[in-house]
Amino acid sequence: MNACFFYSFWSFVMGIEINRFQGEVDEELLCPICSSVLENPLQAPHCEHAFCSACIHEWLSRQPTCPVDRQNITPPQLRPVPRILRNLLYRLQLTCDNSVYGCTAILKLDALESHVQECEFNPKRPVPCELGCGLVVPKDELKEHNCVRELRSLMQAQQSKLVEVQAEVAESKFQMGEQKRELQLLKDYMLAMRNANPSLRILADQMEADEVRRWAETLPKARVLRWGGMISTPDTVLQAMIKRALSESGCPPHIIQDLMENAHERRWPTGLSSLEIRQLNRRQYENYVCRRIPGKQAVAVMACDNGHMNPDMILEPGLIMIFAHGVE
């Protein structure tokens, strides 16, 4: 092996320095490549020689052979060392990584990682700034920490992120608008074809019915606790609120106007046409399948859900019932 290879390799070797350990360290626990104590060890498949993970991966990136006996190896063939070897490593005692900063702890290898994270001598241990900005910074950077500068940097980063999010939202709205426009063009085309061709008319009607059914199934089923709270003559403002909620829920546009007209008792079927008749038929209300209009004290009673109801209790494509309270 030429000198150039070893020079470049030794510039990054891993392993744990042997002089950090208490007492003698068995030779079987040393990496043949870096001569330090094994770190995250892996072993060769056939000869079972063990190496530091970083060491053997770097070695194999340069030549695919075992560093000890030159048998051919590829990275996927490497495997974890046996449990007995791991246990021997974990029992070794060594000094903390932060001993140069004053830590005198002696601990087992398997406890090293958790100790270092919490070690009070760890220069990279996150600590909160006590000057009022509330940021958490590495301990060794605390002296150079400038609250105003860091907060300004944080605000700039957040503003940049906000601009990116706004751009993404604008792009999404544009794409949705394009899709809606293309969908409307398709619907207009289907409508024209339906008027010209009876068979296409049947197909288009079925597609619209399927669209209504799919939308209805996205709405959660609702339970009306107080039918007496029904508002049978909603005003214009209330109707506008319900109409917007329907649109935001994904209601097919071609039925929104029909549904809103069916929100007033003047359009209701004969079984609901007056207060007296509604009181007579009140027992039948419990048989309705109701869908909650999101965020509103209102339900959609869709014809596709209520084929079991008497014809005088339902309308196509459905009814909108608005309540003062009592919908869950």
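**Figure 1. Leu42 and its partner across the strands.** In this predicted model, Leu42 faces Pro80, a residue of strand 3. Strand 1 covers residues 41–43 and is joined to strand 3 by 2 bridges, the two strands running antiparallel.

**Figure 2. The open sheet and its edges.** The sheet is open and is formed by 3 strands in the order 2-1-3, with antiparallel pairing. Strand 2 and strand 3 (79–80) each have a single partner strand and stand at the edges, so one side of each has no neighbour in the sheet. Helix 2 lies across strand 1 and strand 2, and its direction makes an angle of about 95 degrees with strand 2.

**Figure 3. The largest nonpolar core.** This core contains 33 residues, of which Phe21, Cys31, Ile33, Val37, Ile56, Leu89 and Leu92 touch the most other members. At least two residues of the core come from each of strand 2 (50–52), helix 2 (53–62), helix 3 (83–91) and helix 4 (112–118). The greatest contribution to the core is that of helix 2, which provides 4 residues.

**Figure 4. The surroundings of Leu246.** Leu246 belongs to helix 7, which spans residues 236–248. The relative accessible area of Leu246 is 1%, which means that the residue is buried, as this value is under 20%. Apart from neighbours within four places in sequence, Leu246 is in contact with Trp215, Cys251, Leu259, Met260, Ile293 and Ile320. Ala209 is 37 residues from Leu246 in sequence, and their C-alpha atoms are 17 Å apart in space.

Terms used:
Residues numbered from 1 in each chain as written. Predicted model: local features only at pLDDT ≥ 70, side-chain atom pairs only at ≥ 80, totals over all residues. Heavy atoms only, no water. Core = buried A, V, L, I, M, F, W, Y, C linked by side-chain atoms within 4.5 Å. Buried < 20%, exposed > 50% of the residue type's maximum accessible area, 1.4 Å probe, protein only. Pairing = 2+ DSSP bridges. Contact = heavy atoms within 4.5 Å. Axes fitted to C-alpha atoms, helices over the stretch in contact; angles between N-to-C directions.
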